[in-house]
Amino acid sequence: MRAITLVLTFATVVAAQDHRTKSSDPNTEIANAIAFEEQERDLAKAEKAYREAAADTKISEEARQVAAMRLIKLLRSLGREKDAEDAARQLLRVETGLLGVRRSWPAATLDDITPSPQDAEREAELRARAEELVRSYSSSGPSTVPQMRFPELMFVPQDIGQQLLWIGEPAAPVLVATLESMLAGGSYQPDRVKGLAGVLWRIGGPVAARFLGDRTKDPEVAHRVLLVATAFQCERPEMRAVAARFLRDPDDSVFATLVGGRFSPQPDPRFGRAFPFEPGVLLDACSDGPAGRRAWLLDQAASWRADAIGPELVERLVPVADAATRSTDPALGSAAQHFLASTLAQGSPSGMKVLLRELPRLAAAGVRVGPAPSAAVPPASRFTKQQATELLPVLDECIASLPPGPFADDPWLTSLAGQVVAATDADVAPRAAAWLERGRTAPWILADKLSAQNCRSVVAAFERAPRKQLLDYAYLFSTVDLPRDLFPVVHARLADSSLTDDVQKKRWIAMALARTGAPEAAEWLSNNSIDGLFELGRRCADEPVRKALWTVLEATQGEPTRASCALALLAMHDVKALAWTVRVDQPGPSIPHPYARAERPAATTPLRYVVERDPDPPHGFSDDEVAAAFASVAAEKVPASWVSLHEVVGAMPARLVADVAGLVFASEDRSESEKSDWVRAALWRLRDPAGPLAGWPARGFDESRGATRAELIRLLEESEVASLRERLERCVDGDDESCAFEAVRALAGVNHPFDLARLAKNRHSRVREHLLEHLLGGVDRVVAEDLAVSLLEDPDERVRMEAIDAAGRMVSTNAVPKLIGLLRDNESYAREQAAAALTKIRFQHETQGYWDRVVKGLDASPTSAAEKLLLQAKPGAAKAQRLLAIKSLGTLGVPEALPFLIDWSGDTDPEVAAAANAAITAIHLNPRR
């Protein structure tokens, strides 16, 4: 602050010095900005106007200086010391700027500036002005209304207070002297003392700090009270430190004046914000002070936020509260309870210990603690394991000291117990059971701690629990596997249907009974909760459970429920369920198995479940058992559901695939398309040449027929075709056209030596068609042509079409008679194709003859003759030759020669021109077409 003071002093002196050398009035140039400040009292506008004027190069340098000085003083009067200092530093760093400074003044040199004679003169002027203002204030009438506007100085008129703040520290000696005189004389108006002291607190500085600090030892209590009454106006840290010294004043009236009203957490609405004493300062001042101050401190601390003061300060407050609980002062004891019940104290393990120790007394006095630490069920503890372990005996002692009562009446204690239990080990259960016996906590606090090993003490408390708490125990028991021998106890108290109509709470009861694993629960569960019955089946496969599942399976119409029952029974290795699954047409939709062990089990059906290689969970049926079940059903009828098994062939054992495929092939009531699906699926699994069922294609060939066998043949690989060559040859001559066609294709793929003449007489048109389309390539041309010609009269239209196409491709002249005959075929497409083939044959022969003549140079066609005559008649040739050639063109009558003859009709030679005209006339009269 010394730096900023020196800057302002230096700047003011230079500005005053320049003022004496200038003839113009700088205030006039910045009159608008001054009016904003002094007349309109709009300081925001004034600040903006001063900044703009200080940077305006259009006004005089002196006016810019005054604007800068007023800006800095305005910022200081507003308490914006940092902004004022920044503005001053900027002034001194200007190379050739305001104040006529001709060199840069770095920040490090500010403390080295020493007052000049002009500084002393200016200081004297300011002090004289301060004396005038204080004298004016002292002589004015009594002030009855505190000032509530800027500069926020109580008991001081606004214009006087504002000017004193602008003068700043130079006014401090005047204020100090006036206050000393008033207090020493004893004849003072209290409001005047408060007002001048408030200005002094606000201005600050060494003089103010020294005077007010010394007054902490003033023997007159009234003086100290008056001086601290306006201490809330201080803003500088050093002045706040001086104010904090008064917190230790031996007289409570001084302390009350300093912290009362404006300083309270709920300040007087006339004065606004509270005095900014740091919590640590208050703790230092009050923790070892009188009882009233400690009570005030604890009351204030109850409203503090933990994240604002930090854990260390909380830990320092707890011992103060702890000691206060043993005080005989009722106000201090009440404040201690208020603090201990606060969120701040509850966030401290040591504070929680003291609170739990005091809780019985609070309960006896009717004081309720809140809010509840957590509403989560089960809670997420905010304590570490060590903290919870230390709190556990204190909590135990607290609950033992409290009278029995329903936990619903004290949710805070229940929630706290849940957080402590959540952070401890499972051996806390017996201790928590005692809390349950007293009804002070809820059963859910043990939700993740109860087990079959530690549950008996809790079940004992459950046996004696009032009826209204039974559903809470039902929730707890639904989360743990209870020993089977506890079923009678749980059933006796929870099986009452009048306990609740709530679906969720009924499910708690069902799960509590089911998780005992007692088969006696099956009947109740089958009537009340299917989910509970499945849960019981997970633990017990005894006959009562199976019987209950069968009852539901046979009675329900809902397919998901029926499928779940079937899956549950299959997981129990129920042979009857296996027979039911393979027999019914639709055993159920795809759903996750109710007993699956995977975290995200895949959906399955009962039928799919029994054939999977690695079912989850294992059902225990062997391949032989499953295959036997399929065989026994296939003897009667193959259900429709079997056909969908090809979707899961990849999961089936190889032998089972072969057996089921054989059953499907043998079935008479399955469509050929369904069977062909099985062919593809089975071959995918069973064609491994090194596998145990490498010969299955032959077995499938023998067991299948019709479209099924055709599909099998179509999917055979070359090695399988070679092994089945004889069977395939028989198929070619067999009765089934699809099989014959696929057999020919398969054999052709391994280059089988066909008897083509025999194939041309095959009974099946698709075989004959395939012969023409694919088997003539690479065959001797004469043989191929004979086969194509022989099939031109085939009774099948598609075969005839393929034969016509083959004859056309081969340009067979031997086929012409039959092709001519096909021009009268009943089928229009056959007629069109025959004509096209004949055109191809004719074109080939004509083209061949033409080029033969060209090659020999004997082409005598009209077009060729005309071309030669035109060459002989062109200009430049001998006249006799030209005349003879032109006459010949007329005789030939080729119209294409006319353009040339017309040109020559204008030839310079009259005889040539006349010959050309005669030729043109001859062509027109007798053109050759």
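Buried, on this tour, means under 20% relative accessible area. With that cut-off in hand, select C398: its relative accessible area is 2%, so C398 counts as buried. One thing to keep in mind as you click around is that this is a predicted model.

**Stop 1: the cysteines**

While C398 is on screen, how many disulfides does the structure hold? The count is zero. Now pick C731, which is in no disulfide. Draw a distance from its sulfur to that of C739, the nearest cysteine sulfur, and you should read 5.2 Å. A pair counts as a disulfide only with its sulfur atoms within 2.5 Å, so 5.2 Å does not qualify. C731 is another buried residue, at 8% relative accessibility.

**Stop 2: colour by confidence**

Switch the colouring to pLDDT. The protein chain averages 81, and 85% of the residues score at least 70. Which elements sit at the two ends of the scale? Helix α1, residues 2-21, has the lowest mean pLDDT of the chain's elements, at 42, while helix α11, residues 206-214, has the highest, at 94.

Next, select residues 144-151, where pLDDT stays under 50. The model still gives that stretch 20 contacts beyond four places in sequence. Do likewise for residues 261-274: pLDDT stays under 50 there too, and the model has 23 contacts beyond four places in sequence for them. Go easy on those contacts, though: where pLDDT is low, the predicted coordinates should not be read in detail.

**Stop 3: salt bridges**

Back to side chains. A search of the whole structure turns up 38 salt bridges, and a few of them are worth a visit.

Start with R293 and D252, whose side chains meet at 3.1 Å, N to O. What does this pair tie together? R293 belongs to helix α16 (residues 291-301) and D252 to helix α14 (residues 252-259), so the salt bridge links parts that are 41 residues apart in sequence. Turn on a surface and compare the two ends: R293 is buried at 3% relative accessibility, whereas D252 is partly exposed at 43%.

Move on to R357 and D322, where the closest N and O atoms are 2.5 Å apart. R357 is in helix α21 (residues 349-364) and D322 in helix α18 (residues 311-325), so this pair ties together parts 35 residues apart in sequence. Here the arginine R357 is partly exposed, at 39% relative accessibility, and D322 is buried, at 17%.

The third pair is R456 with D485, at 3.2 Å between the closest N and O atoms. R456 sits in helix α25 (residues 456-463), and D485 is in the loop between α26 (470-477) and α27 (487-494), so the bridge spans parts 29 residues apart in sequence. Are these two residues buried or partly exposed? R456 is partly exposed at 44% relative accessibility, and D485 is partly exposed at 48%.

Before leaving, go back to D322 and R357 and add R326, E358 and R361 to the selection. Salt bridges that share partners join these residues into one network.

**Stop 4: a mostly covered helix**

Select residues 706-714, which make up helix α40. How many of its nine residues are buried? Seven are, so show them as sticks: G706, T708, R709, A710, E711, L712 and I713.

**Stop 5: backbone oddities**

Most residues other than glycine have a negative phi, and most peptide bonds are trans. The next three selections go against that pattern.

- D616 to P617: this peptide bond is cis, with omega near 0°. You'll find P617 in the loop between α34 (606-611) and α35 (623-634).
- H573: phi is positive, about 60°, although H573 is not a glycine. Look for H573 in the loop between α32 (559-571) and α33 (575-583), where it is partly exposed at 29% relative accessibility.
- V811: another non-glycine with a positive phi, of about 50°. V811 lies in the loop between α47 (797-810) and α48 (816-822) and is partly exposed, at 24% relative accessibility.

Methods: Residues are numbered from 1 along each chain as its sequence is written. This is a predicted model: local features need pLDDT of at least 70, side-chain atom pairs count only at pLDDT 80 or more; totals for chains, interfaces and linings use all residues. Side-chain values use heavy atoms; hydrogens and water are left out. A salt bridge is a side-chain nitrogen of Lys or Arg within 4 Å of a carboxyl oxygen of Asp or Glu. Helices (H or I, at least four residues) and strands (E, at least two) are DSSP runs, numbered from the N terminus. Buried means under 20% relative accessible area, exposed over 50%, partly exposed in between (1.4 Å probe, protein chains only). pLDDT is the predictor's confidence in each residue, from 0 to 100. Contact means heavy atoms within 4.5 Å.
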